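Open the model in your viewer and keep the sequence panel visible. The tour below goes from one selection to the next and says what is there.

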Number of protein chains: 2
Amino acid sequence: MSAYACRNREELESEAQNLLARFAGLKDKNLKLDMSRGKPSSSQLDLVSDLLTVLQKGEECMIDGSDCRNYGDLAGLQCAREYWADVLGCKSSQTFVGGNASLSLMHDLIARGFTHGLVNSPRPWCKEEKLKFLCPVPGYDRHFRITETYGFEMIPVAMTPDGPDMDAVEEMVKDPAVKGIWCVPKYSNPQGYVYSEETVDRFANLKPAAPDFVIMWDNAYCVHEFEGEFEPFRDIISLCADAGRPNMVYEFASTSKITFPGAGISVIASSEENIAYWSKLAGVQNISYDKINQLRHVQYLKDKAHTLELMKRHARVLQPKFRMVLKMLRSELTNKGIAHWHHPVGGYFVCVAAMPGTAKRTLELCKQLGVTFTPAGATHPKGIDPEDSMIRLAPSYPPVEELEAAMNVFCVCLKLAALEKYLDEKLV
Amino acid sequence: MSAYACRNREELESEAQNLLARFAGLKDKNLKLDMSRGKPSSSQLDLVSDLLTVLQKGEECMIDGSDCRNYGDLAGLQCAREYWADVLGCKSSQTFVGGNASLSLMHDLIARGFTHGLVNSPRPWCKEEKLKFLCPVPGYDRHFRITETYGFEMIPVAMTPDGPDMDAVEEMVKDPAVKGIWCVPKYSNPQGYVYSEETVDRFANLKPAAPDFVIMWDNAYCVHEFEGEFEPFRDIISLCADAGRPNMVYEFASTSKITFPGAGISVIASSEENIAYWSKLAGVQNISYDKINQLRHVQYLKDKAHTLELMKRHARVLQPKFRMVLKMLRSELTNKGIAHWHHPVGGYFVCVAAMPGTAKRTLELCKQLGVTFTPAGATHPKGIDPEDSMIRLAPSYPPVEELEAAMNVFCVCLKLAALEKYLDEKLV
């Protein structure tokens with residue numbers, strides 16, 4: 001079971017024969033499996049469906065003397081702001097509770113920067129000659145699409161197991177055209193890395209040339225361990241304030257992977273000055289977000305401690321799935337020298353770095369066997385992975401049996417794609 | 001009870017004495033009443049609170065083979081799109097169902113026009129030298145704030161009982177800098193006028209110089225009669241298509257005044273080409289809106305006919321309030337020559353045109369007596385009513401007894417403000 005690179009042609013051809021036999025067998029199964037998105041599974045949704053019946057009567061919608069069925073409270077119910085402050089470790093006055101999607105809050109913040117500028121902007125971003133944004137790669141396609149839509153040149157920054165390459169980041173922010181960076185500090189999408197203490201400190205202490213440089217701190221998986229205990233994280237809001245740049249960071253989170261992905265609540269946390277400015281602009285767009293759903297969530301989730309208990313129940317559903325994926329990767333791909341991956345303990349993804357030039361081909365072959373993955377390249381700005389290497393696996397949605405079949409397909413196809421490189425011929 | 005203009009000084013002074021006595025009496029009551037916003041009352045919210053329990057179990061969230069608790073269906077559940085198509089009289093393929101606020105959809109459409117342009121835009125609006133928008137006055141302050149925020153010069157257009165002055169509109173749209181117009185076609189905010197058949201036809205047949213001119217057709221009160229039977233309205237989408245400009249109109253509506261103001265569902269209706277373009281941009285901002293709430297609404301409201309039955313029940317709550325307001329105006333202000341108003345049969349407002357130069361003073365005096373109204377000027381772009389005349393009354397929220405007290409205050413103060421003009425001296 002030596003590395004492909006160390007085998008002779010005969011050995012490689014015999015490996016190819018074995019794999020082609022497996023490929024044919026898998027084709028006969030007529031699979032139709034989807035591992036493309038980080039969607040919670042039905043059993044996770046069932047776990048939290050008591051949320052539907054938290055509020056049953058009109059009078060239960062009264063909170064702190066106001067009726068959450070009616071207009072008002074743009075920044076969210078006070079109790080919802082306190083809930084998020086508890087989860088994120090910031091102050092409730094530093095939060096703004098939104099609708100069902102933190103993605104919308106992120107989009108709208110960038111959009112407002114573009115049309116109006118942020119608190120410390122000399123002018124709206126649309127008036128700048130050139131706009132650049134730092135994009136740690138591999139990263140989250142939906143982040144990159146936002147900055148792409150607003151015309152940013154997206155500068156890739158390498159990810160390391162400790163987070164983005166901070167030497168590079170510190171260098172790049174000297175360019176005043178660089179207006180911000182996308183971050184997923186805990187269980188990064190897609191690799192599942194956790195930013196180290198040093199990385200977080202270096203972020204808080206960044207000295208960007210642009211006065212309105214913004215750290216988009218998407219804490220999407222802040223309480224989302226599927227292995228082991230909850231890993232505490234530090235409050236980036238106060239860290240930036242302590243370092244003298246309180247307006248540099250906006251943190252985002254949501255209950256999309258705590259309760260219902262399409263029907264949860266979301267939050268922005270930032271300095272009070274940023275929240276006040278944001279609220280002024282958000283008040284043109286909205287009278288208030290859905291406060292009934294906010295109240296439902298607060299009564300259901302209660303606080304951070306209670307949320308962590310619920311996350312343990314999610315973990316019990318997710319853990320066997322991730323273990324299956326990692327087991328298959330280990331047993332099929334270890335020591336072949338054609339792929340490597342991190343073993344995450346939280347988040348929603350496993351990211352396989354395939355042999356350069358084989359990611360697209362791998363997924364093409366998978367498709368022939370009826371299994372869909374996130375398109376190769378999706379982890380990079382504009383969908384272009386120059387190495388053609390990164391593949392994001394999303395184990396959360398399919399049941400374990402299907403995952404096993406899908407991973408079987410994946411490993412066979414990844415190896416075939418590698419062999420095609422070594423043998424320099426198409427095998428399928 | 002002759003017009004103030006026909007009375008001599010002595011008569012005016014004696015009228016002032018009577019009013020000042022009433023003013024003093026009202027002051028002693030220490031009122032604290034709010035008639036500033038078109039908020040439904042608690043009893044209306046109670047009417048619809050069974051909405052809270054429509055969906056009780058996870059399995060009830062399955063619809064058309066998909067799970068509305070999970071991600072997906074950016075344009076909304078098919079059944080929700082069909083619901084709105086039924087209400088608005090268009091096709092479901094011409095609808096996009098949003099979150100809890102049609103205001104957000106309107107804001108975001110203008111914002112996208114600004115940053116990206118609309119379907120027929122030669123360039124994004126932010127790249128235009130000059131941007132103008134037509135604002136029928138009096139109108140809705142939140143509309144005007146959107147176009148103000150995006151830097152439009154707002155051109156007032158006079159409202160008539162048949163809708164905006166179409167001679168003026170047809171003339172103004174010859175200017176290619178004019179990118180659109182705000183409309184509330186049924187029970188206009190604040191006067192409660194219904195656009196005539198001719199007005200609607202002239203809108204559909206507009207020939208604006210700007211290829212991306214947009215009619216913002218805010219059908220906020222499309223089923224909101226509080227007197228008499230439902231008044232059918234025509235489908236502006238097909239009228240514009242028939243007239244050869246299918247992409248010229250975007251229609252908006254919501255359940256904000258059908259179910260819960262802060263927690264309803266909203267819709268954009270437009271040509272399929274516009275909806276496809278909008279969906280492409282909306283897909284950067286969101287994965288999907290809250291489909292659980294969409295399903296809840298569809299199951300609760302069922303269809304247009306069933307919605308109209310519910311609106312009859314809202315009408316029974318609203319009717320006595322509007323009648324009280326109109327009765328007070330009639331008995332206190334008729335034939336004084338100092339105010340006129342339209343008697344609406346639907347919508348959420350009554351608009352009083354006070355003697356020019358007295359609106360602000362009237363509301364100042366009301367405030368002294370503890371009663372708050374929508375600020376004078378709010379009905380005009382940038383909050384400036386050049387005539388200082390229009391006052392919007394929002395009768396929906398307070399109970400009838402409070403309304404009577406508030407209207408008592410209003411009429412006394414409006415008359416005092418007029419007398420101050422005639423007598424040329426401050427009375428309070």
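At what angle do helix α12 and helix α13 of chain B pack? Select residues 359-368 for α12 and residues 400-423 for α13 in chain B: the angle is about 130°, and the axes are 8 Å apart. The structure on screen is a predicted model. Angles from 115 to 145 degrees fall outside the parallel, antiparallel and perpendicular classes, so α12(B) is oblique to α13(B). The crossing of the two helices is right-handed.

Now show side chains at this contact. From α12(B), display B:Arg361, B:Thr362, B:Leu363, B:Leu365 and B:Cys366; they meet a set of residues in α13(B) that includes B:Val409, B:Phe410, B:Cys413 and B:Glu420. Sorted by class, the contact holds nine nonpolar residues, one polar residue and two charged residues.

**The three-stranded sheet, chain A**

Move to chain A and select β12, β13 and β15. These three strands form an open sheet in the order β12-β13-β15, paired antiparallel. Strands β12 (339-341) and β15 (390-393) of chain A are at the edges; each has a single partner strand, so one side of each lacks a neighbour in the sheet. Ignoring direction, neighbouring strands here are turned by 25° against each other on average.

Select residues 350-354 of chain A, which are β13, together with β15(A): four bridges join these antiparallel strands. One place to look is A:Val352, whose bridge partner in β15(A) is A:Ile391. Then add residues 400-423 of chain A, helix α13, which lies across β12, β13 and β15 and runs at about 170° to β15(A).

**Strand β13, chain B**

Return to chain B and select residues 350-354. Is this strand enclosed or open to the surroundings? Five of the five residues of β13(B) are buried, so the strand is largely enclosed by the rest of the structure. In a regular strand the side chains alternate between the two faces of the sheet. On one side of β13(B) are B:Val350, B:Val352 and B:Ala354, and on the other are B:Cys351 and B:Ala353; both faces are covered.

Next select residues 339-341 of chain B, strand β12, which runs antiparallel to β13(B) and is joined to it by three bridges. Within this pair, B:Ala339 stands opposite B:Ala354. Strand β15 of chain B, residues 390-393, also pairs with β13(B) in the antiparallel sense, over four bridges. There, B:Cys351 has B:Arg392 as its bridge partner.

**The eight-stranded sheet, chain B**

Stay in chain B and select the open sheet of eight strands, ordered β4-β11-β10-β9-β8-β5-β6-β7 with mixed pairing. Its edge strands are β4 (95-98) and β7 (163-164), each pairing on one side only. For a parallel pair, select β5 (residues 132-137) and β6 (residues 153-160) of chain B, which share six bridges. B:Phe133 stands opposite B:Met154 in β6(B). Helix α9 of chain B, residues 272-285, packs on this sheet, where it touches β4, β10 (249-254) and β11 (266-269); its direction makes about 35° with that of β4(B).

**Helices α4 and α5, chain A**

In chain A, select residues 102-115 for α4 and residues 141-149 for α5. The axes of the two helices come within 10 Å and cross at roughly 25°. Angles under 35 degrees count as roughly parallel, so α4(A) is roughly parallel to α5(A). The crossing is right-handed. Display A:Leu103, A:Met106, A:His107 and A:Ile110 in α4(A), which meet A:Arg142, A:His143 and A:Ile146 in α5(A). By class, this contact has four nonpolar, two polar and one charged residues.

**Backbone stops**

Most residues other than glycine have a negative phi, and most peptide bonds are trans. The last selections are exceptions to look at in turn.

- A:Pro138 follows A:Val137 through a cis peptide bond, with omega near -5°; A:Pro138 sits in the loop between β5 and α5 of chain A.
- The bond from A:Asn189 to A:Pro190 is cis, with omega near 10°, and A:Pro190 lies in the loop between β8 and α7 of chain A.
- B:Tyr187 has a positive phi of about 55°, lies in the loop between β8 and α7 of chain B, and is buried at a relative accessible area of 1%.
- B:Asp388 has a positive phi near 50°, is found in the loop between β14 and β15 of chain B, and counts as buried at 17% relative accessibility.

How values were computed. Residues are numbered from 1 along each chain as its sequence is written. Chains are lettered from A and ligands numbered from 1 in the order in which they are written. This is a predicted model: local features need pLDDT of at least 70, side-chain atom pairs count only at pLDDT 80 or more; totals for chains, interfaces and linings use all residues. Side-chain values use heavy atoms; hydrogens and water are left out. Axes are lines fitted to C-alpha atoms, for helices over the stretch in contact, and angles run from 0 to 180 degrees between N-to-C directions. Angles under 35 degrees count as roughly parallel, over 145 as roughly antiparallel, 65 to 115 as roughly perpendicular and the rest as oblique. A crossing is left-handed if the near helix is turned anticlockwise from the far one by less than a right angle, and right-handed if clockwise. Contact means heavy atoms within 4.5 Å. Ala, Val, Leu, Ile, Met, Phe, Trp, Tyr, Cys and Pro count as nonpolar, Asp, Glu, Lys and Arg as charged, and the others, Gly among them, as polar. Two strands pair if DSSP finds at least two bridges between them. Buried means under 20% relative accessible area, exposed over 50%, partly exposed in between (1.4 Å probe, protein chains only).
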